[in-house]
Each structure stands twice: as structure tokens, then as C-alpha cells.
Amino acid sequence: MRVFVVRCTPWPDDEVFEPVVAAVEAHAAGVEILRPGLMAFPAAGPTAYYGSEACAAERIVDAVAESCDRECMVGIADGMFTAFLASYDGKIVQPGHTRRFLADINISALGRPELSSVLRRLGVYTLGCFAALPPADVADRFGADAAYAHRLARGDDVRPPVARTPAPDLEVSVDCDPPLDNVEVAAFTARALAAQQHRLLAAHGLACSRVDITATTCDGTVVSRTWNHEGTLSSDAMADRLRWQLDGWLTRNGAAASGIAKLNISPQGLMRAGHAQPGLWGDEGEAESRASRALVQVQGLLGTEAVATAVLDGSRTLAGKIRLVPWGRARKEVPSKRRQPWPGSPPEPSPALTSVAGRVVQVRDAAGTSVGVTGRYVLTAEPAAVEWAGSSPLRVVAWAGPWPVEQHWWRQDARRFARIQVRLADDRALLLLLEDGRWFIEGSYD
């Protein structure tokens, strides 16, 4: 089956994804959300309507750009996995050319780091080399998940983007009285409904990989979306997708501006729960699941913003490189190319401790005169001692730098500063920053 996969670039946040889906859905039926920023649908309808796959892809890209001011790329191929990889470059893989397209792609594209690491040590670096291995040998040596990955590498997708109709008794719904018109209130309803759905599936020995979310508004309008997951949806994962969708309907595109009177969840992609049971040596995600539940309980006691995890960000300052994200929200790290060393960055390794406030110090030369940096970013003298309030000067036994930085020089909030590294007589090593004529401790090394 020919499949379209639409990838948004830059990757949108959860709260701005709903208008993108609506723009695509205006030109294609049966849209499945694989994850925020990624969706798939059968190619037959749009291709027949617009005359060719290229014309349909162009129209969808234009529609997203016009209505949402977002860029997207479309991959088209014989199967979802191949179309997913083709979407990185906006390619159309012609019918019958799937294996040729996949042959030279790096093995890491399978999204299985442990399997990829083992295959590289065995000399298998590309999907083509992996696909050439005998299927029975792959299943015997690496297990069921590797056998599934082997089918992907051969271009034999096992699931087209077609929703499966679940049994009616597996659907759950709730009448909202009063109607839901606030995202925070809706989030509590979403979590309770997701837990109910998960218990119902478990009672039947089933799991699902997709879920239909349908809302009926106070004015009678019915809106629906299908969300997809790479594995099986846990209760928490289902609640997250329900919360993201309600956020989009209530606050972003106005689809449920009058309030939601009824909410319905319908499981799709049903499978026996045994297919998702823990492996012979235990479930690798069990510890993560216990930790997640514990953190959620702490949030219930202290508030959502009280529990956060660190995410790498792009910044010219050490403190700005770490961004705290409340637990449960999407952790979107800055692409690696934006985390490359900035001009003026000190050499690796980075300091072990970062001083957020920036302790003020004095850097002096051998004559006791303050050391500065000239307009050409050259030290006015060699650092000989560092002192700060309440302590005696410490002799500098080695130093390096300076590394100048001019940040946002074209704006009113422009910053100019320079850094040096110093090693003191007590074996401490510091990263010092000079800005507006004052020296600060920006970090310290182990």
C-alpha cells in the first residue's frame, strides 16, 4: 500500500500541532497521528483527487504553510516505515524501489540502539546488509523484536495506516457536567478516562497501539482524532495523548470553544496482551514506570512545576544550556547541530559545577592591578592572583584564554563578555567571566 508520511519542520510543540493536523485533514482522509509533528495516511485518495502523488504532496505542503505558517516535508513509499524515512528528505520512493532506497541507510534508522550496536560489531552497518540476513537466523539469534525490525529493513511493513474497528464494548465514554472548557480540568478527566480504558482492555487480555479520541461539544459538533504509538499504549501514554488533544481542541483551533459535553475513547490496533508481555529477563521499562509513578505522586503533593528534569538547550552561557521541564511534559532537546560549540566557547570538558548567580571576584596581575580585556580581546596583563570578599588572594599557577563572545550584537539587549580559565595554588580550577568591567565565577572544575 502506498503511504504518505508528513513530517513538520521545525518540529512543532504539542500545543501547536492541532492546526497542522486540521490543515492536512482538509486534503486527505484517514489521517493517523504517529506522534506530535508526524502523521500518516493512505495515498490512494489524495493521489486520485490531485492526479499524482507529487501534486498531492505539493498541495499538502502548501496548505500547511498557508494556514499554519509551518514547513513540512512529505515522504511517499510502499509502506509506512519507508515513507517515514523518505519524509526526512521529502522524497517519493517509486513503487517497487523500496529495497533499493533502504539499502544504503544506516542501521540506526531502525530506532533500536542496542540491536544496532550489536549489528555494527558484527559488521552490519546498513539496512541492506541487515535485510540480506536469513529471517529465521535473525529471529533465532536476536528475538521477536529483531525479526520485526528485519521485516522493516526488507521493506515488508506489517501495518498500513488503516484504523481497525474495535468491538463496541471496548469503548469508554464520560458525560461532562459541567462541560469541559478548561485544559487543567480536562486533564484530570482525561487521566481517569484513560485509566478506565486501560483496565477494560486488560480485563479482556488485550492491548492497543492506537486510540480514537472523540469529543461532542455543547453545540452538537463532533470532532475526532486518531493517535498512534510505536508500541502498546500504557495508561499514562493514553492519558498524555488525550490531554494533548484536548489542549488543541479547547485552546488552539477553537473546535470545542463552546465546551466539551461528552468524551469518548475507542481503542484501535488491538492485539493480545501477551504480545507486549515482559521479556524472559524482565521488563526493561519496569524501573522507569515505577519512577514515573513516584514522580507523578510527588507532583500531586507539591504541584506540577515542582518536579522537573533537565534538558540540553542551546546557549552561549553555561547556565542557559540547561532548561528545566516539568515532569510529564514533552522533553524537546535542541537539535545537536545547535548544541555545537559556539564561537567563544571554552574548550572541553565543561565545568562540573555552574554558578547561576555568578560570584564576584577580583583578578589581579603581579603588581596588584586589576586585569581587564582590551577591545581586541587581549588581556591587559597576565593573571597572577584571584581574590574575593572575605578571603585572601590565591596565586594563579596557570591560565588560558581569553575567549570572547558577542551575543545578539544587532539588538538592544546585546552582550559582550570574555572568559578565562585559571588554576589556583590550592589546586582549584575556575572558569571566570568578565562582563561590564567585573569578573564572575561562571563554573568550577573537579
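**Exercise 1. Find what the buried residues of H6 pack against, then work out how H6 is oriented.**

Step 1. In this predicted model, the buried residues of H6 make contact with three stretches: helix H7 (127–131), helix H8 (135–142) and helix H9 (144–153).

Step 2. Now pick out those residues. Within helix H6 (residues 113–121), the buried ones are Leu115, Ser116 and Leu119. Looking down the axis of H6, you will find them within an arc of 100°, so they line one face of the helix.

Step 3. Turn to the face of H6 that points away from the buried side: Pro113, Glu114 and Arg121 are exposed there.

Step 4. Finally, look just past the helix. Gly123 follows H6, and its phi is positive, near 90°.

**Exercise 2. Describe how H8 and H9 pack together.**

Step 1. Start with the geometry: the angle between H8 and H9 is about 150°, and their axes lie 7 Å apart. Their crossing is right-handed.

Step 2. List the partners. H8 contributes Pro135, Val138, Ala139 and Phe142, while H9 contributes Ala144, Ala146, Ala147 and His150.

Step 3. Sort the residues of this contact by character: seven are nonpolar, one is polar and none is charged.

**Exercise 3. Check the structure for disulfides, then look at Cys176 and Cys129.**

Step 1. Searching the whole structure turns up zero disulfides.

Step 2. Take Cys176 as a case. Its nearest cysteine sulfur belongs to Cys218 and is 8.8 Å away, whereas a disulfide needs the sulfur atoms within 2.5 Å.

Step 3. Add the surroundings. Cys176 has 9% relative accessibility and counts as buried; Cys129 is partly exposed, at a relative accessible area of 40%.

Technical notes. Residues are numbered from 1 along each chain as its sequence is written. This is a predicted model: local features need pLDDT of at least 70, side-chain atom pairs count only at pLDDT 80 or more; totals for chains, interfaces and linings use all residues. Side-chain values use heavy atoms; hydrogens and water are left out. Buried means under 20% relative accessible area, exposed over 50%, partly exposed in between (1.4 Å probe, protein chains only). Helices (H or I, at least four residues) and strands (E, at least two) are DSSP runs, numbered from the N terminus. The arc is that of the directions from the helix axis to the C-beta atoms. Contact means heavy atoms within 4.5 Å. Axes are lines fitted to C-alpha atoms, for helices over the stretch in contact, and angles run from 0 to 180 degrees between N-to-C directions. A crossing is left-handed if the near helix is turned anticlockwise from the far one by less than a right angle, and right-handed if clockwise. Ala, Val, Leu, Ile, Met, Phe, Trp, Tyr, Cys and Pro count as nonpolar, Asp, Glu, Lys and Arg as charged, and the others, Gly among them, as polar.
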